[in-house]
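Work through the exercises below with the sequence and the model open. Try each task before reading its solution.

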Amino acid sequence: MTTAAAALPAREAGPTGLWSWAATVDHKRIAVLYYFTAFAFFLLGGVEALIIRLQLAGPGRHVVSAQAYNQLFTMHGTTMIFLALMPLSASFFNFVVPLQVGARDVAFPRLNAFSYWVFLFGGLFLNLSFVAGGAPAAGWFGYANLTSGQYSPGHGIDFWALGLLTLGVSSLAAAFNFIVTIVNLRAPGMSLMRLPVFSWMTLVTSFLIILAFPIITVALILLMFDRMAGTHFFVPAAGADPVLWQHLFWLFGHPEVYILILPAMGIISEVLPTFARRPLFGYPFVVYSGIFIAFLAFGVWSHHMFSVGLGPVADSFFALSTMLIAVPTGVKIFNWIATLWGGSIRFTAAMKFALGFIAMFIIGGLSGVMHASPPADLQQTDTYFVVAHFHYVLFGGTLLGLFAGMYYWFPKATGRFMDERLGSWHFWLTLVGMNLTFFPMHFLGLLGMPRRVYTYAGDLGFNTMNLVCTVGAFVIAVSTLVFVANLFRSLRAGRPAPPDPWGGGTLEWSIPSPPPEYNFAAIPEVRGRDPLWLEQRSGPAERRGARGLRPDAHIHVPAPTGLPMLAALGVALVPAGLIFGLWLSAIGAAVMLFGIYRWAFTPI
Amino acid sequence: MSHLAVAAEPRTSTGLHSRKLAFWAFLGSECLFFGSLISTYLVYKGKSLVGPYPGHILNIPFTSVSTFVLLMSSLTMVLALAGIQRGRMGQFRVWIAATALLGMTFLTGQVIEFSSFVREGLTLQGNLFGATFFVLTGFHGAHVSAGVVWLWSLFAASFGGRVKPENALDVEIAGLYWHFVDVVWIAIFTLVYLIQ
């Protein structure tokens, strides 16, 4: 190890300063950029949620106007999905995947930087709408023809559609990158069935992204043609069918749900075995279930549309396919529980969040199966029951999983532990807060309280439960503050962490914390699943298998460059010009082309 | 050529070149993009409330010629790739220029077709057929245009020494894109023009 470090003097120290971040192509630094940007958007989306809950704390309140309320719930959903949860997952893809597969970086480091910058600019552009004439106000799934120029005048929907198109570029570029990284850059011996489950789920998620995002791209393009070129793709008066939007949107939207949950499932498939000190039970079943879920993701979209009235045949098909998805999901849950069985469990903060994930996700999954039945769904659709359901899967599932990952990989990323006591407070406050917030929504929904309505009458029996929801939301806010305090305190003064603080089995724990820029002094050779555990069990003859190979004499580290950021700026300016004037699009196109050409002809 | 590519790049798990793999993934994604556009066209087929309708306006003989031109450009693309893989830069330049010119001929045909349709009253705003037709074929045309720029860039870069037999892979990937755009056109030509 030391010889390798000595052989690489210049970049080892880790450059500092703003430009070193702007021009970085190191996947670990890009992960940090993703993390803090997405977390900032997460806080923004959280503030939007708090204002929503203040408005709904009692009947007939006027914290915000009806129009502002519409903007808030639209931007809350859009922000949390596209600017918080997806990029937080991307942060983990970036940091963990190359380390887990035994690679020195992703397949295309500069494309990786480009993905991040497009995400940042797209997110800023979307939120620019608040100060540039009003945010979008048609819900995160923007149903036609509410989004038409007639019903949504102003630029809100334009910001929304163009912002999502821009963010799509980021997600697609990242997905191509991770597919190639995982398929092509695995260390010798790491067959696909030895691939850690988190990397597997990253691969599956990336395939979902590349197949789902083009569909929403087309839907958004058609919408923009309607709004800006006077076409009638979603105008019933011209013979068009607004339900086409719903089909296109949910053909994307349902895979998107799995794009949000599969990475979290991958995270807890790493956390549970480590803290139960047992290999994941039924590894092939967990992997194949993930793949099966992804296949089914494209065959269930119309369960979001039972109330459209697609007819009994379509409804039956989509009811059955939706119920079928519960099978691989259940398989995963049983495997996680079986992993714990007989293990020597350590209740670290990461483990608590992983266990919280299982419990909360089961609740969200069960209410999901209820929606799969069209008659039940007709009763529940557009009520708070649905809001309760998807917050149990996205908050109780995705977010708890992401928190588990944060506590788990923080020592690897920073060389310091997070504070476990604060972590425990964070977990319990989050768990109590989310159940206070979202559990009463089941009952509110069944009592008939509709979604997306800015207030309610005082005599409907909604008052107490809504107050409880609001109190819960503020408990979540407090828990988040505890986490932020823990994060910054641990970054500065956390207990130093060794290379393998938890006794993990995957390759990222074989290298120093934080990892050197080139990750592996010598590319490891892998002899099985959980290579580090394998190595501990076997004798010294095997020891050289996963570690201790002779360091490579020459390690090529890609040079920092500002070109990805420049090209990303151009990409973001092109759609911005459709709102602010076509001259801006022209500048954007020129900047983008310049960036891409320079990039293509600059050797890495 | 594969030994050249392997020499230039580090070992990969599959033996496939990473950029080629990424490009195949990109083309997979593009299938869904055009699939959605084509589906939109098919869903709205016959739903226009006013004319002009496809049967009155589509000129199959004319478009058959431009389809033939585009298909021939796939052949010249193959010849260009064969040229650079064998180190014959002259052959490469002739055929890559021919491919780009055939692409431009196709685009010229599309401009002529579009303007004659507009003269006959088919517009983006007029009816659903116009909207779906122009957006679908327009996006295909934009893809061909991007391809033409790409091909000319390779042609120009071959004089500066940046495109040489060692990086025939650059040409191969451009070729994948070009063939893909051709294949999409075959689908569009069949579904939009031939099956009315």
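**Exercise 1.** Into which domains is chain A divided?

*Solution.* The model is predicted. Chain A is divided into domain 1, residues 22–547, and domain 2, residues 561–604. Taken over C-alpha atoms, the centres of domain 1 and domain 2 of chain A are separated by 29 Å.

**Exercise 2.** Describe the contact between the domains of chain A, starting from the residue counts and ending with the residue classes on the side of domain 1.

*Solution.* Step 1: count residues, taking two as in contact if their C-beta atoms lie within 7 Å. On this basis, 20 residues of domain 1 of chain A touch 16 residues of domain 2 of chain A.
Step 2: find the helices. On the side of domain 1 that touches domain 2, α6 (109–128) and α7 (156–184) of chain A each supply at least two residues. The most come from α6(A), with nine residues.
Step 3: sort by class. This side of domain 1 of chain A has 15 nonpolar, three polar and two charged residues.

**Exercise 3.** Now treat the contact between chain A and chain B in the same order, looking at the side of chain B.

*Solution.* Step 1: count residues. Chain A puts 29 residues into the contact, and chain B puts in 28 residues.
Step 2: find the helices. In chain B, α2 (18–43) and α6 (128–159) each supply at least two residues of the side that touches chain A. α2(B) gives the most, with 13 residues.
Step 3: sort by class. The side of chain B that touches chain A consists of 15 nonpolar, 11 polar and two charged residues.

Conventions
Residues are numbered from 1 along each chain as its sequence is written. Chains are lettered from A and ligands numbered from 1 in the order in which they are written. This is a predicted model: local features need pLDDT of at least 70, side-chain atom pairs count only at pLDDT 80 or more; totals for chains, interfaces and linings use all residues. Helices (H or I, at least four residues) and strands (E, at least two) are DSSP runs, numbered from the N terminus. Ala, Val, Leu, Ile, Met, Phe, Trp, Tyr, Cys and Pro count as nonpolar, Asp, Glu, Lys and Arg as charged, and the others, Gly among them, as polar. Domain bounds come from an automatic or database domain assignment.
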